[in-house]
Amino acid sequence: MESNCSAMMVFSDGLVAEIEKKITEAFEVFDRESNKTVDVREIGCIVRSLGCFPNEAEVQELLAKIEVEEPGGFVHLKKFLPVMTKVLLERRFRPIPEDVILHAFEALDVNKCGYITQEDLVKHLTEEGEPFTQEEMEDMLAVALDPETNTLHYRDYRTKLVIDETKTFPFNV
């Protein structure tokens, strides 16, 4: 029994080390000065690059748990690492399932025609819920709209939004 417990602790330590390595690698991509700090505004991008998809309010909650060097300033890796490790171990902020994405688009398609016009899409995504910024809206329209009809055929587009968790979160937690 004691050897089983020891084996589990080694596995657990190995998993934590693997997760911490992934977090550090993602963090270093945004560490422009190579000084183990990143601009606080980069935290959402780092978290999402690790396969977690929090909304902006949830990113702010994470930041509240991380001791930021100064308001609007920088986040140090040593403060970010334990918070993000816990997030990954708890499997928080998982991707939205494909059927939920489809239902969301169907709710916007009031005429039930299988597509959403550019005008309606812009209206919904900039005026309701957590609004897209102008840049986010332009990026999405460039990828999502059919260039000939200026419509979003959401049954096709939803597959681009589905995340394969085995690729974004390859740890067996």
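Start with the largest pocket: helix H5 (98–108) gives its lining the largest share, five residues. A pocket here is an open set of points on a 1 Å grid over the protein atoms alone, where a 1.4 Å probe fits and protein lies on both sides within 12 Å along at least five of seven lines; lining residues have an atom within 4 Å of a point. Helices and strands are DSSP runs (H or I, at least four residues; E, at least two), numbered from the N terminus.

Before going further, a word on what you're looking at. This is a predicted model, in which local features need pLDDT of at least 70 and side-chain atom pairs count only at pLDDT 80 or more, while totals for chains, interfaces and linings use all residues. Residues are numbered from 1 along each chain as its sequence is written, and side-chain values use heavy atoms, with hydrogens and water left out. The chain averages a pLDDT (the predictor's confidence in each residue, from 0 to 100) of 84, and 85% of the residues score at least 70. Residues 1–11 stay under 50, and the model has one contact for them beyond four places in sequence; contact means heavy atoms within 4.5 Å. Where pLDDT is low, the predicted coordinates should not be read in detail.

As for the overall layout, the protein chain has nine helices and four strands, running α-β-α-α-β-α-α-β-α-α-β-α-α along the sequence. Of its 173 residues, 34% are buried, meaning under 20% relative accessible area (exposed is over 50%, partly exposed in between; 1.4 Å probe, protein chains only). Among contacts between residues at least 6 apart in sequence, 65% join residues at least 24 apart.

Back to the pocket. About 1600 Å³ of space lies in it, a volume being the space filled by probe spheres set on grid points, which are joined across faces, edges and corners. Its lining counts 35 residues, with Arg48, Pro54, Glu130, Phe132 and Glu136 nearest the centre. Besides H5, the elements giving two or more residues include H2, H3, H6 (118–127), H7 (134–144) and H8 (154–161). By class, the lining has 21 nonpolar, six polar and eight charged residues; Ala, Val, Leu, Ile, Met, Phe, Trp, Tyr, Cys and Pro count as nonpolar, Asp, Glu, Lys and Arg as charged, and the others, Gly among them, as polar.

Now for the packing. The largest nonpolar core (buried Ala, Val, Leu, Ile, Met, Phe, Trp, Tyr and Cys residues joined through side-chain atoms within 4.5 Å) has 26 residues, and Ile23, Ile43, Ile46, Val75, Phe80 and Met84 have the most contacts inside it. Helices H1 (2–30), H2 (43–49), H3 (56–65) and H4 each give two or more residues to this core, with the largest share, seven, coming from H4. Apart from it lies another core of 14 residues, among them Ile101, Leu121, Met137 and Leu141.

Thr85 sits in H4 (77–89) and is buried, at 6% relative accessible area. Beyond its neighbours within four places in sequence, Thr85 contacts Val16, Ile19, Glu20 and Ile23. Glu20 is 65 residues away in sequence, yet the C-alpha atoms are 6.3 Å apart.

Finally, two backbone oddities. Most residues other than glycine have a negative phi. Arg91, in the loop between H4 and H5, has a positive phi near 55° and is partly exposed at 31%. Asn150, in the loop between H7 and strand S4 (151–152), has a positive phi of about 55° and is partly exposed at 39%.
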